[in-house]
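Colleague: I should like to go through this model with you step by step. Please give the reasoning before each answer.

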Amino acid sequence: MKALIEQYFSIQVMDIKNLGGYDNANYLVKTASQKYIFKTYRVSDDDTKSFLEAENQVFRHLASMNTSQSIKGIDDQYVFQTEFQGVPIIIRLLSFVEGDFMGDVPQTDKLLRSFGHFLGEMDLKLCSFQNYFIQAHQHAWDNKNWRLNQHSIALIENPSQRKLVEHVFLNYEEHVVPKIPFLRQQIIHNDANEGNVLTKNGVVSGIIDFGDMAYTFLINELAIAITYAVLDQENPIKIACIIIMAYVKKNPLLEQEIDVLYYLIETRLAISVCNSAQGKIQNPENAHIFTSEKAAFVLLEHWIAINPIFAQNEFRKAAGLRTDTPQSTASIISQRHRSISPILSLSYEKPIYMKGAAFQYMYDAYGNAYLDAYNNIPHVGHLHPKVVTAGQRAMARLNTNTRYLYDDLNVYSEKLLAKFPKELSKVFFVNSGSAASDLAIRLATYFTKKKKIVVMEHGYHGHTRNGIEISDYKFNNKKGLGKQDHIIKAEIPDTYNGKYKNNDGTAGLAYANDLISQIMWSKNEIAAFISEPIVGCAGQVPLAKGYLAAIYPEIRKQGGVCISDEVQTGFGRLGDVFWGFEAQAVVPDIVVLGKPMGNGHPMGAVVCTEEIAKSFESGVEFFSSFGGNPVSMAIGLAVLDVIEEEQLQQNALEVGNYYQNELRKLQKENPCIGDIRGSGLFIGIEIIHPQNQSPNRALAHQIKNNLRNQHILISTDGPFDNVIKSKPPICFTKKDVDRVINAIMEVLGN
Ligand code: PMP
């Protein structure tokens, strides 16, 4: 190398040191009086030379900004193609820019301000810089070209990290693409990271390495600079705002540019981790490639916990732009009630005006982000990108009904049924849990030709006429219509509040025996027994151990069928089992599905035995316009794939056990926590008056509303509404659990 430098640049090299590099090599070269950076490049194609020419031009264009300058070699040339150890290489020499790297000095507000000023000034100068090669170049490190990184997503090994990257790229489509016509484009440095920015006396003094220079959105300069400045920092928005405020003093920005900044910062993070994934395979020894990978994932996880509206508003304020005032909650409620009946309730004393969500977070219109420890419908996480993409693609291809042939009906049915014991081999698709339970009752009565239905105390199965008739929670409400004659109500086998408490199987058997004596008198008229494995509206009460195993045979003896309503308990939420009935070691004749099935897309199904389906076939045609449509099938498939890929049933088990353990620790200090029950991420916390064990609705509501004010969503349920329910998306983490526990501790004054 020394010989090459001396030959081409006519200088006397005293010392040379390899500095490493991303995809080219860099050397620090010392002569008796000067320092230089010597760079070598692989000869891959003509592009390298054209790019280096462009870089030389930009150096000259920014001569006043303390960037490197290219050193002229022999024949008045800057760049040479030569050979090193028989391998062709391209070489050049740059002046050495003095200063400490930004990454090596303390990050003060003064430094950040000078950073903003520097970038603003540089971009203003670059605005008049033109280079056709750069303008035509498709650069994978340019946010605008994120699609060039799409193939690398599959190389990210951890599926929970992969989904974050997919989410970011979907966000780009949704939030950046529509604004592209308004985004100014020019050549920018495109990599103002802490290893390229130089400082002197605590302020930014220069910048090096224009190797990623691109013709792209001007705002990407800030997006990238901010990304690296906030890595490993606690308050990224605050840091971003200091940089923005200084930048706009030199180079004002447009509202549309500021509004995409949140999304472009996360896009840079996503591109960076895609490159690391690719680099691990192509170049596993090059540590340079992984420098920011870990911190990038940490920031991506942190980023989804920030409401984009909050970021946008803060960025707008920093840029001296106006912020939008959203409609007030009061006015949106009154607008709602002009067309929507108040019989549809709203959660919390202060209802929440939602605007967006991501995985276990929900975002309101005012910039708050809520940790969702409550909603079980977005089972694999709000807006899971695999589910969203599956739906979008299917909708753009074909949406029709089961009277035509299409692939995904067969594919999904087989995949879904494979999750059941082999006896359950037929499926009917509908669009809600209510439609499913209604159909289940029709199937049962058609099959048995009997009328009586045994239902569970406090059970809920849906809002159709059949649904209400079989839902004690509704018909037995003080405003309800009461129990119909064909309904037999079973006492809930509750081992906390009920009369038998020993949950080692004895209580289950005792409750079962009570029901058996009750139905003995029904003279073989029972069509069905229906129950949820954990009775949600009872206050998340799991059926006592052994209960169903004792009941099912008795129902069948009377010619009836056994229905398990898995609308809430299905799809792995319970952790140790995929379906709730498995925990009771029984196989139902009919299973009702809903809620988590489509992760929020309206889907329901009835799964039953061949025999029951066969009997139904002798009746009138069954048709549901939307049940089983190709879009729903694609979505259902994506949900099952995500549960498997991200091992979410296992996550529900581990995080759920941790959750219950932490709650038990809390219970030791707080006798107002009477009971903690449930399974996996299906948890009930019964709040009582310790003096007499009676329900303490007021405290349960205080906890619920206080947590809401701390931006954590949970709810209450049960006949006395004193049971806190927590059924979060099953991507919930132990860290999320800690947040909930700390918030409850705060309310309880611990
Ligand atoms: N069954 C159970 C156990 C439910 O919890 C619900 C809804 N809460 C239903 C059925 C009815 O489902 P949907 O609201 O989708 O009609």
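Colleague: By class, how many residues of each kind has the shell around the ligand?

Modeller: This is a predicted model, in which local features need pLDDT of at least 70 and side-chain atom pairs count only at pLDDT 80 or more, while totals for chains, interfaces and linings use all residues. Residues are numbered from 1 along each chain as its sequence is written, and side-chain values use heavy atoms, with hydrogens and water left out. Ala, Val, Leu, Ile, Met, Phe, Trp, Tyr, Cys and Pro count as nonpolar, Asp, Glu, Lys and Arg as charged, and the others, Gly among them, as polar. By class, the shell has 2 nonpolar, 7 polar and 3 charged residues.

Colleague: Which residue has a polar side-chain atom 2.8 Å from an oxygen atom of the ligand?

Modeller: The residues around the ligand (a heavy atom within 4 Å) include Gly433, Tyr460 and Gln568. Glycine 433 places a backbone N or O atom 2.9 Å from a ligand oxygen; a polar contact is a pair of N or O atoms within 3.5 Å. The side-chain atom at 2.8 Å from a ligand oxygen belongs to glutamine 568.

Colleague: What percentage of the area that the ligand exposes when taken alone does the protein bury?

Modeller: Accessible areas come from the Shrake-Rupley method with a 1.4 Å probe. Taken alone, the ligand exposes 390 Å². Of that area, the protein buries 83%.

Colleague: Why is one side of strand 1 and of strand 4 left without a neighbour in the sheet?

Modeller: Strands are DSSP runs of E with at least two residues, helices runs of H or I with at least four, both numbered from the N terminus; two strands pair if DSSP finds at least two bridges between them. The open sheet of 5 strands is antiparallel, in the order 1-2-3-5-4. Strand 1 (15-20) and strand 4 (79-84) lack a neighbour on one side because each stands at an edge, with a single partner strand.

Colleague: In strand 5, which residue stands opposite phenylalanine 80?

Modeller: Strand 4 and strand 5 (residues 87-95) run antiparallel and are joined by 6 bridges. Opposite phenylalanine 80, in strand 5, stands isoleucine 91.

Colleague: At about what angle does helix 2 run to strand 5?

Modeller: Helix 2 (residues 46-61) lies across strand 3, strand 4 and strand 5, contact meaning heavy atoms within 4.5 Å. Axes are lines fitted to C-alpha atoms, for helices over the stretch in contact, and angles run from 0 to 180 degrees between N-to-C directions. The angle of helix 2 to strand 5 is about 5°.

Methods: A polar contact is a pair of N or O atoms within 3.5 Å; within protein, one must be able to donate a hydrogen and the other to accept it, and residues adjacent in sequence count only if both atoms are side-chain atoms.
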